[in-house]
Amino acid sequence: MLPSLEADRAIESISVLRAAKKPAEDRLHSHKYPVLTLPNEITSEIFQHYLPTYPEPPEFFEDPSPTTLTQICRQWRELALATPALWRAMDLRQISSSELAHLWLERSGCLPLSIRGTDAKGLFHTFSASIPHCARWEYLHLALDTSSNLKAIDAAMPLLRTLSLVINRRGRSASSPHRFQDVPLLRSVVLDCHSPTADVVLPWSQLTSLALRCNYSREIPSILRQMSNLVHCTLSMWDRYGNGPDSDLPLLRLETLVFKDDNETDVAVFKHLVTPALVCLELRESFLCFKGFGAAIAPHGGVVESLGAFISKSGCQLRELRITKASVPQEIYRSAFPSISTINCFNTAVPNSQ
């Protein structure tokens with residue numbers, strides 16, 4: 001009898017609790033959370049500000065990710081899935097599933113895309129999922145072990161504005177350079193490779209920004225001669241004893257020039273540049289001390305004289321000068337070039353400058 005009596009009391013207690021729970025649930029269901037009353041357009045805008053600014057890609061799974069927004073509530077999930085701008089930038093190096101890549105591409109609708117991909121660790125198939133959408137590529141970053149994989153890209157890219165291409169040359173290279181054609185909007189290129197002309201053919205004349213790191217520096221003069229619209233240029237050459245240009249290199253629209261290294265090839269290119277529109281220059285101080293460029297026996301190794309000769313030859317009006325790995329006091333440069341409003345000297349290289 002006792003067990004039965006205890007069971008009846010338990011059932012009665014549960015009934016009382018359920019009766020008390022029902023009004024509380026009704027009150028919660030009737031409550032309108034302020035964030036859920038916002039118009040969809042405003043909530044969608046908030047979602048986009050939660051993610052990195054395009055063209056930077058969000059995470060696929062970790063915060064910040066549009067996937068997180070689909071897991072908050074049904075209303076947010078429906079809105080996130082109906083907002084293509086949340087899915088338009090993707091780093092396909094993060095995933096090994098081409099199905100997931102296809103899903104994000106589908107959710108991005110018809111918007112221009114920012115894509116990052118690689119062929120390392122067998123991940124080229126995830127990048128390949130985006131190739132049928134290459135007509136929507138606006139920003140493309142590729143890190144490849146072999147240039148031969150570029151042959152998979154054989155269609156027009158009418159929206160492409162920025163191309164970043166790293167070719168490590170660990171694998172077998174293509175027998176002929178890959179030609180990027182039908183890229184009428186391409187203006188900015190970052191190229192890190194063994195040999196620019198052996199790996200790719202680019203529409204050099206239409207580019208306004210170039211960051212080039214390569215081994216075969218003898219190719220640089222011929223490339224620069226084609227770049228009549230170049231405005232921003234960063235050069236880094238591994239080949240320390242390549243041949244420089246045999247005549248002046250006029251870059252009449254160049255405004256920013258950065259040299260990352262200080263070998264003889266870099267100096268040979270620098271000596272022949274004519275840059276009347278140049279306003280910002282960064283180079284290593286040793287650039288200005290090479291034999292044949294400045295007066296090595298002059299005070300401070302002739303760096304002031306060498307820099308003055310370059311400015312005079314180009315006829316430019318520099319506004320910013322950055323000298324890296326400097327030993328000459330900053331005050332010497334400021335005294336010699338009072339018309340340059342900003343002069344900074346660093347004992348080490350300047351990170352992430354262009």
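Pro-64 sits in the loop between α2 and α3, and the peptide bond that joins Asp-63 to Pro-64 is cis, with omega about -5°. Pro-55 lies in that loop between α2 (40-50) and α3 (66-69) too. The bond leading into Pro-55 from Tyr-54 is also cis, and here omega is near 15°. Keep in mind as you look at these details that this is a predicted model.

How far can you trust what you see? The protein chain averages a pLDDT of 87, and 87% of the residues score at least 70. One stretch to treat with care is residues 294-298, where pLDDT stays under 50. For that stretch the model has eight contacts beyond four places in sequence. Where pLDDT is low, the predicted coordinates should not be read in detail.

Now step back and take in the whole chain. You'll find 11 helices and 15 strands in it. Of its 354 residues, 45% count as buried. Take the contacts between residues at least 6 apart in sequence: 53% of them join residues at least 24 apart.

The sheet is a good place to get your bearings. Its 11 strands form an open sheet with parallel pairing, and if you walk across it you meet them in the order β1-β2-β3-β4-β6-β8-β9-β11-β13-β14-β15. At the edges stand β1 (89-91) and β15 (342-345); each has a single partner strand, so one side of each is left without a neighbour in the sheet. From one strand to the next, the twist averages 5°. As a reminder, strands of a sheet pair through backbone hydrogen bonds, either parallel or antiparallel.

Zoom in on β4, which covers residues 162-167 and is mostly covered itself, with five of its six residues buried. What flanks this strand? Strand β3 (residues 137-144) pairs with β4 in the parallel sense over six bridges, and one bridge you can look for links Leu-144 to its partner Ile-167 in β4. Strand β6 (residues 188-192) also runs parallel to β4, and five bridges join the two. There, Leu-163 stands opposite Val-189 in β6.

Further along the sheet, strand β9 (residues 232-237) and strand β11 (residues 256-259) make a parallel pair over four bridges. Leu-235 stands opposite Phe-259 in β11.

Phe-259 turns up again when you look at the packing. The largest nonpolar core has 85 residues, and Phe-259 is among the four that touch the most other members, together with Trp-137, Leu-281 and Tyr-333. Helix α10 (residues 303-314) gives the most to this core, with five residues. Tyr-333 is worth clicking on. Leaving aside neighbours within four places in sequence, Tyr-333 is in contact with Glu-285, Val-303, Leu-307, Leu-321, Ile-323, Val-328, Ile-343 and Cys-345.

Cysteines may be on your mind at the bench, so here is the count: the structure holds zero disulfides. Two cysteines show contrasting surroundings. Cys-110 has a relative accessible area of 77%, so it counts as exposed. Cys-280 has a relative accessible area of 8%, so it counts as buried.

Finally, have a look at some loop residues. Where does Asp-154 sit? Its place is in the loop between β3 and β4. With 69% relative accessibility, Asp-154 counts as exposed. Asp-154 and Arg-179 are 25 residues apart in sequence, and their C-alpha atoms are 8.8 Å apart in space.

Two more loop residues have a backbone feature to check. Lys-121, in the loop between β2 (113-118) and α6 (124-128), has a positive phi of about 55° although it is not a glycine. At 80% relative accessibility, Lys-121 counts as exposed, because that is over 50%. Asp-182 lies in the loop between β5 (178-179) and β6. Asp-182 is not a glycine either, yet it has a positive phi of about 55°. Is Asp-182 buried or exposed? At 52% relative accessibility it counts as exposed, since the cut-off is over 50%.

Definitions and conventions: Residues are numbered from 1 along each chain as its sequence is written. This is a predicted model: local features need pLDDT of at least 70, side-chain atom pairs count only at pLDDT 80 or more; totals for chains, interfaces and linings use all residues. Side-chain values use heavy atoms; hydrogens and water are left out. Buried means under 20% relative accessible area, exposed over 50%, partly exposed in between (1.4 Å probe, protein chains only). Two strands pair if DSSP finds at least two bridges between them. A nonpolar core is a set of buried Ala, Val, Leu, Ile, Met, Phe, Trp, Tyr and Cys residues joined through side-chain atoms within 4.5 Å. Contact means heavy atoms within 4.5 Å. Axes are lines fitted to C-alpha atoms, for helices over the stretch in contact, and angles run from 0 to 180 degrees between N-to-C directions. pLDDT is the predictor's confidence in each residue, from 0 to 100. A disulfide is a pair of cysteine sulfur atoms within 2.5 Å.
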